[in-house]
Amino acid sequence: MHLFIFSFDRMVAKIIIRLVLLLLIVTGLNFVYVATFYERDLSEYGKEHKLIRDRQSTSDIYYFGESSNTSYATNDSLKTSIADLMALFYPSRTVLMVNKEATHAGIYRNWLNSFDPDGKKPAALVMTLNMRSFDAAWINSELEAPLQQSTVFSRPFPPLVNRIFLGFESFEKKDLKQRDEQILKNWEETKLQFPFPFRYSTVREWDRGTADPGFRKADGSWDAEKTQLACHYVKTYAFNITEKNPRVRDFDAISTWCAKRGIPLYLNLMAENVGYADSLVGKELVFLMRQNRDWLVRRYSTDNCIVVDNLELVDGKDYIDQNWTTEHYNIRGRMRIARNLAEQMKKNFKHEYKKAY
Amino acid sequence: MLFNSLQFLVFLPLVVILYYVLPFRFRWVLIFLASCWFYMAFVPKYILILFFIILLDYSSALLMERLRGKARRLCLWLSLLSNILLLCVFKYYGFITFNIDQIYHFFGEEFHAPDLALVLPIGLSFHTFQSMSYTIEVYRGRQKAERHLGYFANYVLFFPQMVAGPIERYEHLGNELKKEQRPLYDNFSNGFRLILFGLFVKMCVADNLAIYVNQVYSDPRYYSPVQVLLAVFFFSFQIYADFYGYSTVAVGAARLLGIHIMDNFRTPYLSRSVTEFWSRWHISLSTWFRDYLYIPLGGNRVSVPRWCINILIVFLVSGLWHGASWTFVAWGAVHGICLLLERFFSKLFGREEGVERSAFMNGLLTIKTFLLVSFAWIFFRAESFVKVGEIFEALRGNAVDAFVPQSPFFALLLCALLILSDVLVYRSRADLALAGTKPVYRWAIYTLLLFGMLALSGTQKYAFIYFQF
């Protein structure tokens, strides 16, 4: 027994020594990794992190955006993004556009980690505030896994540790079935709140009520396309934003991060086709859209943060996708939003503002 | 829970520490709970299927021990058929109904089987085969029926090997699980080496090869013959690295608990014949088929035509065991035919057993075997015969040659590394080979393996290929 305890102690000591040695090796490998494959991996899996890191010293204003920023109509005379159009109003400032399709506050929040705390402080952050990013379908979108993967290198850990997270896929990665279940559950179980009586209490009921009877064409036949679009509008915009929404938690964190560092934050609430929602579904849906807008404006309007309200700024004809719910605008729409944003930014950059159009 | 997940890297040390901290009499409870937890990380409700298998075979064995004659045989058959039925329902239901539908269609009739929408429980083929081997052994009187339900449950559930083998026999694993293990440095060091090596092989080699292979196999019509040929060869290494990596981690994880489980691979691509290949590839399955199908069919103690039929039956069933599709059956058939042809030519050229061949000749035979096995893998990897046709068409140069897959050089380097490691461990095993080297070289190899696993792993985590069986 005595011999066993003695050899057991020796064994534990041996194991501890080897574990320490392994830890030292991993620490050393971190340097090897940075010197060899890190930049290659960043170019493939951490483009946004690399962009912010490389351009922080020369940039003033950052525009975090998604497809609404860069989408354009094929017949647009100018293909310029909203961020670049906004930059025209502040020629003395360098605007860095950090853009990735389908991103949302959960991703932007991770991008904030890419800023070097000892580097040049951003003069302002502009973030796309897309109302649809609060809905169940976007929250549980199948694009979420690749988006989360793209932010792994923004985590505040040594590069090799982040690479380990990437290799072990240590990020939110639900399968398609799980995501669909979550969306359906939300549509079936979440009660919609109206201050007036309304015949549908869930998205599911509203969707069914819209699909049946649906729409009819002039000749009396069933208009499948229009009915489908109306149902899609219901599923996309029929929700009440509450504090429990994960996007709210993300924007809260972003807002706190900026306030703590004294960096002005502009939440650029994108325009939605409210007029079409009204004609297609009805005033109740428009009520929810406006109620959600008001909720966001109330929550995030502080000394340090401005919610730029573009919700009803763009005319229906200026939406590129007439048959789907997107925030893709033609040049007229993009110019309007950029100008509205630039006007609001005067609060912090009054002397640098120059009327561009 | 996947071996190549961070959860497992937390789970395993916790289980190992608790295992040695707990008094011996409670350890089976820990293994049982840990195994349930491990399995339920996939689809929790499917643990009930495992419980059913455990209770069925546990009680069948106890009953068989009391019975004699026809009643004993009936008991065995009931147990085996229940296991097979379970497998048929979950794994082959879609395949069977599809084929019935095709037959009806041929005669101009319609057949509509209800869609059960069942998802195949992970590793079901492994559990059922492992459990069936136990009941057969009890029936044959070579194994005493286990009276402790907990130990028997752990035999079926033991987490390191529960989802993809090795398919262990009760005589071995049952006894290992009952031994009172003490924490030994050798077990820890060898277990660590095996896990490190296994994860490297899976995460760095298999997952990186998968990128090229998946790209080309998704639409082979658009790749050049050289690219398709590379994808065919890369798949040979991918599936080997994938399954070998998994099995090595399984052996290593068990070893940390002081439990020895069998090796499932012994450098299969260095085999000089298809026969030798099957004594080195997925050894636990090959021996299972040998003991419970080939020998009961008469083995080689029958006439030559009957022996040929026996061989073909074993390989066709083996193909079907792998997957519910005719492509898997074809894969098995190709192997069976190759093996028969090899035996035929071997007899024809009359080489006597035991006579050494030259190294050059051995090299040629190894290449021949690798080529045969690689081309057989096409049936295994392709989802349908249409895809098989596309691969062969592309190999003949009838492809459009429009896409450019990623550069194959890194993949080639990984294949070369795998061959090199096989040559180095030809008469040994990764952990033993490493243990025999000087500490400086050993730690240099650890460093390389760690770097490969941590910094060069594939960025898309693929589930182990054999999990689907």
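Here are three short exercises, with worked solutions, on a predicted model.

**Exercise 1: the cores**

Find which residues have the most contacts inside the largest nonpolar core, and which helix gives the most to that core.

*Solution.* Start with the core itself: it has 164 residues, and those with the most contacts inside it are B:Phe8, B:Phe159, B:Tyr269, B:Trp281 and B:Trp377. Next, look for the helix: helix 9 of chain B (residues 225-256) gives the most, with 20 residues. Now zoom in on B:Trp377. Leaving aside neighbours within four places in sequence, B:Trp377 is in contact with several residues, among them B:Phe235, B:Ile239, B:Tyr269 and B:Trp281. Finally, don't miss the second, separate core of 59 residues, which includes A:Leu96 and A:Tyr300.

**Exercise 2: helix 9 of chain A**

Work out why helix 9 of chain A (residues 159-167) is largely enclosed by the rest of the structure.

*Solution.* Take buried to mean under 20% relative accessible area. By that cut-off, 8 of the 9 residues of this helix are buried, so the helix is largely enclosed. The buried ones include A:Asn162, A:Arg163 and A:Phe165. Step just past the helix and you meet A:Glu169, with a positive phi of about 50°.

**Exercise 3: where the chains meet**

Describe the contact between chain B and chain A.

*Solution.* First, the residues: 24 come from chain B and 27 from chain A. Then the area: the two chains bury about 2,400 Å² between them, 75% of it on carbon and sulfur atoms. Check for salt bridges, and the rule finds 0. Polar contacts come to 3 residue pairs. Last, on the side of chain B that touches chain A, helix 18 gives the most, with 7 residues. That side divides into 15 nonpolar, 7 polar and 2 charged residues.

Definitions and conventions
Residues are numbered from 1 along each chain as its sequence is written. Chains are lettered from A and ligands numbered from 1 in the order in which they are written. This is a predicted model: local features need pLDDT of at least 70, side-chain atom pairs count only at pLDDT 80 or more; totals for chains, interfaces and linings use all residues. Side-chain values use heavy atoms; hydrogens and water are left out. A nonpolar core is a set of buried Ala, Val, Leu, Ile, Met, Phe, Trp, Tyr and Cys residues joined through side-chain atoms within 4.5 Å. Buried means under 20% relative accessible area, exposed over 50%, partly exposed in between (1.4 Å probe, protein chains only). Helices (H or I, at least four residues) and strands (E, at least two) are DSSP runs, numbered from the N terminus. Contact means heavy atoms within 4.5 Å. Buried area is the accessible area (1.4 Å probe) that two parts lose on being put together, summed over both. A salt bridge is a side-chain nitrogen of Lys or Arg within 4 Å of a carboxyl oxygen of Asp or Glu. A polar contact is a pair of N or O atoms within 3.5 Å; within protein, one must be able to donate a hydrogen and the other to accept it, and residues adjacent in sequence count only if both atoms are side-chain atoms. Ala, Val, Leu, Ile, Met, Phe, Trp, Tyr, Cys and Pro count as nonpolar, Asp, Glu, Lys and Arg as charged, and the others, Gly among them, as polar.
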